[in-house]
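Here is a short walk through one model, going from a single residue to a helix and then to the aromatic rings. Please keep the sequence and the structure in view while reading.

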Amino acid sequence: MTHQSAPLLPGVLAIDAGNSKTDVALIGADGTVLGTARGGGFAPQKIGGAAAVAGLAPLVEEAAAAAGHPSWHGPLTSHVSACLANADLPVEEEALRTALESHPWGAGNTVVNDTFGLLRAGTDGPRGVAVVCGAGINCVGLLPDGRTARFPALGELTGDWGGGFGLAITSMWHAVRSEDGRGGPTALARAIAEHFGLPSAGAVAEAVHLGHLPSTRLHEIVRLLFAVAGEGDATALKLIDRQADEIVRLAVVALRRLDLLDAPTPVVLGGGVLASRQPLLLDNLTARLAEAAPLAEPRVVVAPPVLGAALLGLDRLGGDPKAQARVREAYEAQRPVAA
């Protein structure tokens, strides 16, 4: 449904809802940050889209209260710009947008996958390609006319590999096979065992299986992977090389789909694995990208992802450059740094 009454606070309700945390910000039409709130992760795949969106209500109320409006009637603001994890398919985005419309938050509502937020946070306008390599991996592209490039990002079912979880699981795969003789030697086995205080990588696997070690701690293995690779371990170096190759493959396909392969184009890199700026990964992928797409402009962005949601929302309101500059400054967002 569309709310007909005038919004209480002209501007944007920006929502960045990730797997582990959610940020909400009320942004005035002039780019002023009016109120913010932070909460837990967003999991529509577990509890359903309507319930997940309803779970955002306390955060919206907290942000509204911070803006001086603890209660209101009718639309709170002009537009809701929601960048949501697990909105991997257009049909999922549409279902979540419909769920948003049942709440009196915005006169208009837009839902996109959260990788679009990363893209917009790292560009001066709605044009470019972004690859996120955090817990998982995904890639999107966007043009000012609204055309997009995207991938299903459903894991191995749709050909995806990598991100922190993929790197950790593959590291475990090599470590255990090294111990039991099915694979070649790798220092990953000892590093993983020592890190978790267990006698072997196999014992780590058993501890996760039995619930004695939370599977969420497996992401810690990514740091071990880079440390072991830095000491010259061949297996670790091959995994990092594979990750660099995967990131570049995603970026090049997105550039090609949008006819940007032969034009200067920002390629925004984000997510925990890339934001850590590991030279073994960044140097590798930038060299690959320079060969495959010489005019691409790689840049690592560490600005809060909710900034991207805010900028996408301000784009919807006309894209006032002064407003966009003001919200960037408010979030202390640095200009993207060349990788």
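T123 counts as buried because its relative accessibility is 2%, and buried means under 20%. The model behind this value is predicted. T123 is found in a loop, the one between α5 (114–121) and β6 (128–133).

What does the side chain of T123 reach? One partner is the backbone oxygen of L119, at 3.1 Å. Another is the backbone oxygen of G125, which lies 2.7 Å from a polar atom of the T123 side chain. Leaving aside residues up to four places away in sequence, T123 touches P266, V268, R299 and R328.

R328 leads on to helix α14, which comprises residues 321–330. In this helix R328 is buried, together with A323, Q324 and V327. These residues lie on the same side of α14, because they cover an arc of only 135° around the axis. P321, K322 and E329 are on the other side of α14 and are exposed. The cover over the buried residues of α14 includes two strands, β2 (22–28) and β3 (33–39), and two helices, α5 and α13 (305–316). Thus α5 borders the loop of T123 and also helps to cover α14.

The N-terminal end of α14 is capped by D320. A side-chain oxygen of D320 lies 3.1 Å from the backbone nitrogen of K322.

Aromatic rings are the last topic. How many aromatic pairs are there? The count comes to 0, with ring centres required to lie within 6.5 Å. Charged side chains do lie over rings: R242 is over the face of W161, at 3.9 Å from the ring centre, and R257 is over the face of F151, at 4.6 Å from the ring centre.

Methods: Residues are numbered from 1 along each chain as its sequence is written. This is a predicted model: local features need pLDDT of at least 70, side-chain atom pairs count only at pLDDT 80 or more; totals for chains, interfaces and linings use all residues. Side-chain values use heavy atoms; hydrogens and water are left out. Rings of Phe, Tyr and Trp (its six-membered ring) pair if their centres lie within 6.5 Å; planes under 30 degrees apart count as stacked, over 60 as edge-to-face and the rest as tilted. A charge sits over a ring if NZ of Lys or CZ of Arg is within 6 Å of the ring centre and within 35 degrees of the ring normal. Helices (H or I, at least four residues) and strands (E, at least two) are DSSP runs, numbered from the N terminus. Buried means under 20% relative accessible area, exposed over 50%, partly exposed in between (1.4 Å probe, protein chains only). A polar contact is a pair of N or O atoms within 3.5 Å; within protein, one must be able to donate a hydrogen and the other to accept it, and residues adjacent in sequence count only if both atoms are side-chain atoms. Contact means heavy atoms within 4.5 Å. The arc is that of the directions from the helix axis to the C-beta atoms.
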